[in-house]
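Here are my notes on the model, set out as numbered points. Please read them with the structure open.

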Amino acid sequence: MSNPIGEILSNRIGLRHGYQFRENDFTENGIQVIKIGNVTDDGLKLDTDVSFVSADRVREFENIIIKNGDILMSLTGNIGRVVEVQNLNGKILFQNYRVGVFYPLDEDVYKPFIKWVLSSEAILRQLSNYSNQSAQANFGKQDLDKLRFVFLKHKNQRQIAKILSTANSVI
C-alpha cells in the first residue's frame with residue numbers, strides 16, 4: 001500500500017493517555033472514570049460502565065481531568081470511536097489509560113476539527129491497516145506517526161467542523 005497524501009498527524013495533533021487505574025483505585029462513589037466503554041458511536045455515555053475514584057484524589061489526577069471540548073477516542077478494541085466532550089456543567093471526569101485525548105499542537109489546527117479528522121474514512125482506513133492486530137487492536141502515540149491527513153486552512157477547518165456538527169446533530 002502506498003502512503004496516503006498529507007501531513008503526518010503527530011506533527012499537528014498530540015495524544016494524551018489517561019491513567020491506568022487498578023482495581024484498588026476504584027470506590028463506590030466519587031469522580032467518574034471515563035473508560036473505552038463510555039466512548040461510543042452515539043457520544044459520551046456516562047450512565048454505562050460506571051466506575052469511580054475517590055474525590056479526595058482530584059489533585060493527584062488533575063492532569064487527566066476531561067474538559068468540555070476535549071476530543072476522545074477509544075484506543076483499544078473498537079478503535080476509532082470519537083467524541084467531542086460537551087455539556088459537563090462542572091462535572092469532573094477522570095481519563096482512563098485506553099481513552100485518548102487528542103489536542104492541536106499548533107494554532108493552525110482547529111480543535112473541534114480533530115474529531116472529524118479522526119472520524120474520517122481516510123483515517124479509519126489507515127487505522128485499520130496500521131493498528132496492532134495481535135489479540136486485540138490497540139492504538140498509541142507511535143501509531144499517530146503513521147497516519148496522514150491533508151489539513152486545510154484554519155478558517156476552512158472551522159467551517160467544515162460547523163457543517164459536519166450541524167449535520168450530525170440533525171441526523
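1. Two strands are taken as paired if DSSP finds at least two bridges between them. On that basis β9 and β12 are a pair: they are antiparallel and joined by 4 bridges. Ile71 stands opposite Phe102 of β12. Please keep in mind throughout that this is a predicted model.

2. Strand β12 covers residues 99-104 and also runs antiparallel to β2, again with 4 bridges. Here the residue facing Tyr103 of β12 is Gly14.

3. Next, the open sheet. It has 5 strands, ordered β3-β7-β4-β11-β8, and its pairing is mixed. Which strands stand at the edges? They are β3 (26-27) and β8 (65-66); each has a single partner strand, so one side of each lacks a neighbour in the sheet. For β8, antiparallel pairing with β11 (residues 93-95) rests on 2 bridges. Within that pairing, Ile66 has Leu93 of β11 as its bridge partner.

4. The largest nonpolar core holds 24 residues. Those touching the most other members are Leu9, Met73, Phe102, Val117, Leu118, Phe139 and Phe151. At least two residues of this core come from each of β2 (13-16), β9 (71-74), α1 (111-119) and α2 (121-130). The largest share, 5 residues, is supplied by α1. In soluble globular proteins, nonpolar side chains tend to be buried together.

5. Met73 deserves a separate look. Which residues does Met73 contact, leaving aside neighbours within four places in sequence? The list is Val39, Ile79, Gly80, Arg81, Val82, Arg98, Val99, Gly100, Phe102, Leu118 and Phe139. Of these, Phe102, Leu118 and Phe139 are also named, with Met73 itself, among the core residues that touch the most other members.

6. A second core, separate from the one above, has 10 residues. Its members include Ile66, Leu93, Val99 and Val101. Ile66 and Leu93 are the bridge partners already mentioned for β8 and β11.

7. Is Ile5 buried or exposed? Its relative accessibility is 73%, and because exposed means over 50%, Ile5 counts as exposed. Ile5 is placed in the segment before β1 (7-8). Together with Val150 and Leu152, Ile5 makes a nonpolar surface patch of about 300 Å². With neighbours within four places in sequence left aside, the contacts of Ile5 are Arg148, Phe149 and Val150. As for Val101, a member of the second core, its C-alpha atom is 25 Å from that of Ile5, and the two residues are 96 apart along the chain.

8. Two backbone angles should be checked by eye. Asp49 is not a glycine, yet has a positive phi of about 50°. Asp49 sits in the loop between β6 (43-44) and β7 (52-53). With a relative accessible area of 40%, Asp49 is partly exposed.

9. The other is Asn89, again a residue other than glycine, with a positive phi near 50°. Asn89 belongs to the loop between β10 (82-84) and β11. Its relative accessible area of 73% makes Asn89 exposed.

How values were computed. Residues are numbered from 1 along each chain as its sequence is written. This is a predicted model: local features need pLDDT of at least 70, side-chain atom pairs count only at pLDDT 80 or more; totals for chains, interfaces and linings use all residues. Side-chain values use heavy atoms; hydrogens and water are left out. A nonpolar core is a set of buried Ala, Val, Leu, Ile, Met, Phe, Trp, Tyr and Cys residues joined through side-chain atoms within 4.5 Å. Buried means under 20% relative accessible area, exposed over 50%, partly exposed in between (1.4 Å probe, protein chains only). Contact means heavy atoms within 4.5 Å. Patches are made of residues with over 30% relative accessible area and no salt bridge: like charges are joined within 9 Å, nonpolar side chains (Val, Leu, Ile, Met, Phe, Trp, Tyr) within 5 Å. Accessible areas come from the Shrake-Rupley method with a 1.4 Å probe; for residues, only the protein chains shown count as cover. A salt bridge is a side-chain nitrogen of Lys or Arg within 4 Å of a carboxyl oxygen of Asp or Glu.
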